[in-house]
Amino acid sequence: MWSYDKKLQYPVKIACPNPAIAKIIITQYGGPNGFQ
């Protein structure tokens, strides 16, 4: 049987999240409408 834990390879610590910048980055990955 397999046990799968979804973890990042390197831990990421975000000091101050910025929703505006996050939206710009997501649109770069997923196109103008983001992920669909």
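This is a short report on the fold, helix and surface of a predicted model.

## The chain overall

There isn't much secondary structure to keep track of here: the chain has one helix and zero strands. Burial is scarce too, with buried residues making up 3% of the 36 residues. The chain exposes about 4300 Å², and carbon and sulfur atoms supply 62% of that area.

## Helix 1 and its cap

Helix 1 covers residues 19-30. Its length checks out: at 1.5 Å a residue, the twelve residues should span 16 Å, and the end C-alpha atoms are indeed 16 Å apart.

Just ahead of the helix, look at Asn-18, which sits in the segment before helix 1. Asn-18 caps the N-terminal end of the helix, with a side-chain oxygen 3.2 Å from the backbone nitrogen of Ala-20. Asn-18 has a relative accessibility of 42%, so it counts as partly exposed, the range between the 20% limit for buried and the 50% limit for exposed.

## The nonpolar patch

Now for the surface. Ile-21, Ile-24, Ile-25 and Tyr-29 together make a nonpolar patch of about 450 Å². Of these, Ile-25 is found in helix 1. Ile-25 has a relative accessible area of 44%, so it is partly exposed.

The spacing of the patch residues is worth a thought. An α-helix has 3.6 residues a turn, so residues three or four places apart point the same way.

Notes
Residues numbered from 1 in each chain as written. Predicted model: local features only at pLDDT ≥ 70, side-chain atom pairs only at ≥ 80, totals over all residues. Heavy atoms only, no water. Patch = residues over 30% accessible without salt bridge, like charges linked within 9 Å, V, L, I, M, F, W, Y side chains within 5 Å. Areas by Shrake-Rupley, 256 points an atom, 1.4 Å probe, with all protein chains shown as cover. Salt bridge = Lys/Arg side-chain N within 4 Å of Asp/Glu carboxyl O. Helix = DSSP H or I, 4+ residues; strand = E, 2+ residues; numbered from the N terminus. Buried < 20%, exposed > 50% of the residue type's maximum accessible area, 1.4 Å probe, protein only. Expected span 1.5 Å × (residues − 1). Polar contact = N/O pair within 3.5 Å; in protein donor to acceptor, adjacent residues only side chain to side chain.
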